[in-house]
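Subject: Handing over a structure, with notes

Dear colleague,

I am passing a structure on to you, and since it will be new to you I have added some notes on what was found in it. Please look it over first and then read on.

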Amino acid sequence: MKPVLSVVKIGGAFLEEPGLVESFTSAFASLEGHKILVHGGGQRATALSRRLGVEPRVVDGRRITDADSLEVAVMVYAGWANKTLVARLQSLGCNALGVSGADAGLIRALKRPAGEIDYGFVGDIASVNAPGIANLLAAGIVPAFCALTHDGRGQLLNTNADTIASELAVAMSDKFTTRLLYCFEKAGVLRDVSDPGSVIPRIDAAAYADLRAKGKVAAGMLPKLHNCFQALEKGVDQVFIGAPEMLAPGHAIQTEITL
């Protein structure tokens with residue numbers, strides 16, 4: 001039987017409030033078995049961009065990254081956000097190691113071609129170094145990935161953290177029973193964004209299409225759900241969306257994504 005691996009993605013909002021980052025890192029540190037963390041940091045990147053006079057641009061929940069925005073992303077994602085999480089996890093006895101896709105060549109990407117929208121220095125994942133990641137896990141290391149990859153020719157690329165989490169879970173599914181968990185500030189996908197108790201317990205492909213048709217899914221949730229279904233189709237065993245409490249054994253309030 002394959003060992004279990006949990007790939008957990010945390011939204012950048014948790015890094016903005018001490019109470020939230022503490023609740024998440026405590027839950028993540030206590031999660032049993034092999035695990036990988038993937039984090040964002042978009043809120044801090046947006047704030048820093050504006051302080052530096054660089055107005056951020058986002059289309060359908062995806063950030064457009066010009067040269068100045070990439071510089072900010074590297075400062076925030078690989079610097080402040082990554083090391084804040086790693087330091088907190090180390091304080092809890094979780095042997096986290098902060099990495100980008102460039103480190104040890106763990107995630108290689110291709111710069112997205114300019115089409116109707118030119119996303120700039122945004123990368124679409126081409127390959128994941130699964131053996132390298134497996135070696136880290138076997139050594140008792142918990143990789144903590146920021147939302148940066150590389151093209152193998154020296155260029156860093158901003159890459160959607162939800163996509164990184166999905167592709168990591170897929171790549172590791174040959175050797176592990178993989179669970180993909182998207183943690184954010186809500187208890188799950190909500191029927192009514194103004195009602196925190198309106199969690200949808202399960203969403204399959206048909207339900208997702210219906211929610212989209214009725215405009216019930218917020219723009220930022222669209223790429224997340226897209227990644228969820230792609231992960232399941234490519235071999236990931238389970239996918240969940242919810243608050244950090246869902247990392248605890250037996251916690252029932254969350255949204256499960258199924259085919």
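The notes below go from the whole protein to a few of its helices and then to single residues.

Please keep in mind throughout that this is a predicted model.

The whole protein

The protein contains seven helices and 14 strands. Its radius of gyration is 17 Å, close to the 18 Å that the globule rule gives for 259 residues, and it is therefore as compact as a globular protein of that length. The C-alpha trace spans about 45 × 45 × 35 Å when laid along the principal axes of the protein. Of the 259 residues, 50% count as buried, while the area that the protein exposes comes to about 11700 Å², with carbon and sulfur atoms supplying 52% of it. If one takes the contacts between residues at least 6 apart in sequence, 72% of them join residues at least 24 apart. As for charge, the protein has 25 positive and 26 negative charges, and the mean positions of these two sets are 1 Å apart.

Helix H5 and the loop after it

Helix H5 covers residues 161-172, and its twelve residues reach 17 Å from the first C-alpha to the last, close to the 16 Å expected at 1.5 Å a residue. This helix is mostly covered, with eleven of its twelve residues buried; among them are Asp162, Ser166 and Glu167, as well as Ile164, Leu168 and Met172. Ser173 is found in the loop between H5 and strand E11 (177-183). Ser173 has a relative accessibility of 8%, so it counts as buried, the cut-off being under 20%. Apart from its neighbours within four places in sequence, Ser173 is in contact with Lys2, Thr178, Lys234 and Gly235.

Helix H7 and its two ends

One of those contacts of Ser173, Gly235, comes up again here, as Gly235 lies just after H7 and takes a positive phi of about 115 degrees. Helix H7 itself (residues 221-233) has 13 residues and reaches 19 Å between its first and last C-alpha, close to the 18 Å expected at 1.5 Å a residue. The buried residues in H7 include Met221, Pro223, Lys224, Cys228 and Phe229. On the other side, Gly220 has its place in the loop between helix H6 (205-213) and H7. Gly220 has a relative accessible area of 45%, which is between the limits of 20% and 50%, so it is partly exposed. Although Gly220 and Arg62 are 158 residues apart along the chain, their C-alpha atoms are separated by 8.0 Å.

Two further residues

Ser49 has its place in helix H2 (residues 42-51), and it is buried, with a relative accessible area of 3%. Leaving aside neighbours within four places in sequence, the contacts of Ser49 are with Val54, Pro56 and Val72.

Phe240 lies in strand E13 (residues 238-242) and counts as buried at 8% relative accessibility. With neighbours within four places in sequence again left aside, Phe240 is in contact with Leu180, Leu181, Tyr182, Met246, Gln254, Thr255 and Glu256. Phe240 and Arg153, by contrast, are 87 residues apart in sequence and 35 Å apart in space, taken from C-alpha to C-alpha.

With best regards

Technical notes. Residues numbered from 1 in each chain as written. Predicted model: local features only at pLDDT ≥ 70, side-chain atom pairs only at ≥ 80, totals over all residues. Heavy atoms only, no water. Helix = DSSP H or I, 4+ residues; strand = E, 2+ residues; numbered from the N terminus. Rg over C-alpha atoms; globule rule 2.2 N^0.38 Å. Buried < 20%, exposed > 50% of the residue type's maximum accessible area, 1.4 Å probe, protein only. Contact = heavy atoms within 4.5 Å. Areas by Shrake-Rupley, 256 points an atom, 1.4 Å probe, with all protein chains shown as cover. Lys, Arg positive; Asp, Glu negative; His and termini not counted. Charge placed at Lys NZ, Arg CZ, Asp CG, Glu CD. Expected span 1.5 Å × (residues − 1).
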